[in-house]
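Trainee: Can you walk me through this one before I set anything up?
Mentor: Sure, have a look at it and then ask away.

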Amino acid sequence: MRTHLRRTLTALAGTAVLLPAGQIGPAHAAPLSTLTCASTSTTTYDPPITLSPTTTTRTIHQVYGPCMGTGAAAAVTGGTHDDSNVTQRSCLQLLATAQVSWTIHWSNGQQSTVTTQRVSNLAGAVFTNTFTGTVTSGLLAGHAVVETMTSPSTQITACTLGAGSVSSLGAVHTLNIV
C-alpha cells in the first residue's frame, strides 16, 4: 500500500493541473492608467486686452508632449489643444478663479475633455494657473486632472496697474491625469 501511495503522490507532483481562470489564485486588476505630459502654450489676444473689458479674439495653441502614460494611456506620446473665440476680457479676469473646460486631441487618435477649476496667482515675475478637475469624457474619463501653468508676469502686472496691455502669453505646463 505504501509503495502504491508513494507512486501516486510522485506522479501527481509532476502533473500540472489547469484550472479555469478566476477560480483560484490572485485577482487580476486592470492596469493602472495614468498620463503625465510636459506642455507649452501660446495665447494671443487681438486686439490686446487692457484693464477695461474689451471684445477680443482669444486664440490658444497648446502642444502636449513628451507624454508618459500607463494602462489605457500607454500609447499616448503627445497631443494638442487649439481654440479660438471672441470674448469680453480684461487683464483682471486673467487673475480670477473660473471653471474651464477644453478638449485635448491625443497622438493615438483619441481625445479627452477635461473640466477644471482654475486658480491664478501673480507673484513677482511669475504668473501661475493651477487647473484641478476631472476628465469628463473620452480617454481616461473619470480620472483626476491637475495641470499647472507658469508664465512671465510682466505684461499682466503692467496691465493690472493700467500701464499696458496683454497681447500674448507664452507658458510652460505640466499635466497629470491619475
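**Disulfides and backbone**

Mentor: Start with Cys-37 and Cys-67: the torsion about their S-S bond is about 115 degrees, so this disulfide is right-handed. Cys-37 sits in strand 1 and Cys-67 in strand 2, so the link ties together parts that are 30 residues apart in sequence. Bear in mind that this is a predicted model.

Trainee: How far apart are the sulfur atoms of Cys-37 and Cys-67?
Mentor: They are 2.1 Å apart. Cys-37 and Cys-67 are both buried.

Trainee: How many disulfides does the count come to?
Mentor: Two. Cys-91 and Cys-159 form a disulfide as well, with their sulfur atoms 2.2 Å apart.

Trainee: Is the link of Cys-91 and Cys-159 left-handed or right-handed?
Mentor: Left-handed, with -90 degrees about the S-S bond. Cys-91 is in the loop between strand 3 (79-89) and strand 4 (98-106) while Cys-159 is in helix 2, so this pair ties together parts 68 residues apart in sequence. Both Cys-91 and Cys-159 are buried. With the bonded cysteines numbered in sequence order, the pairing reads 1-2, 3-4.

Trainee: OK, the strands. In what order do they close into a barrel?
Mentor: There are eight, in the order 1-2-3-4-5-6-7-8, with antiparallel pairing. From one strand to the next the twist averages 25 degrees.

Trainee: Over how many bridges do strand 5 and strand 6 pair?
Mentor: Over 12, between residues 111-123 and residues 126-138. As one example, Arg-118 has Phe-131 of strand 6 as its bridge partner.

Trainee: Which peptide bonds should I check for cis?
Mentor: Look at Asp-46 to Pro-47, which is cis with omega near 0 degrees. Pro-47 belongs to strand 1 (residues 34-49). Gly-65 and Pro-66 are also joined by a cis bond, with omega about 5 degrees, and Pro-66 lies in strand 2 (residues 54-70).

Trainee: What is the phi of Leu-140?
Mentor: Positive, about 65 degrees, although Leu-140 is not a glycine. Most residues other than glycine have a negative phi. Leu-140 is in the loop between strand 6 and strand 7.

Trainee: Last one: why does Ser-153 count as buried?
Mentor: Because its relative accessibility is 1%, and buried means under 20%. Ser-153 is in the loop between strand 7 (144-152) and helix 2 (154-160).

Trainee: What lies 2.8 Å from a polar atom of its side chain?
Mentor: The backbone oxygen of Gly-124 lies at that distance from the Ser-153 side chain. Beyond its neighbours within four places in sequence, Ser-153 is in contact with residues including Leu-122, Val-126 and Phe-127.

Terms used: Residues are numbered from 1 along each chain as its sequence is written. This is a predicted model: local features need pLDDT of at least 70, side-chain atom pairs count only at pLDDT 80 or more; totals for chains, interfaces and linings use all residues. Side-chain values use heavy atoms; hydrogens and water are left out. Two strands pair if DSSP finds at least two bridges between them. Helices (H or I, at least four residues) and strands (E, at least two) are DSSP runs, numbered from the N terminus. Axes are lines fitted to C-alpha atoms, for helices over the stretch in contact, and angles run from 0 to 180 degrees between N-to-C directions. Buried means under 20% relative accessible area, exposed over 50%, partly exposed in between (1.4 Å probe, protein chains only). A polar contact is a pair of N or O atoms within 3.5 Å; within protein, one must be able to donate a hydrogen and the other to accept it, and residues adjacent in sequence count only if both atoms are side-chain atoms. Contact means heavy atoms within 4.5 Å. A disulfide is a pair of cysteine sulfur atoms within 2.5 Å.
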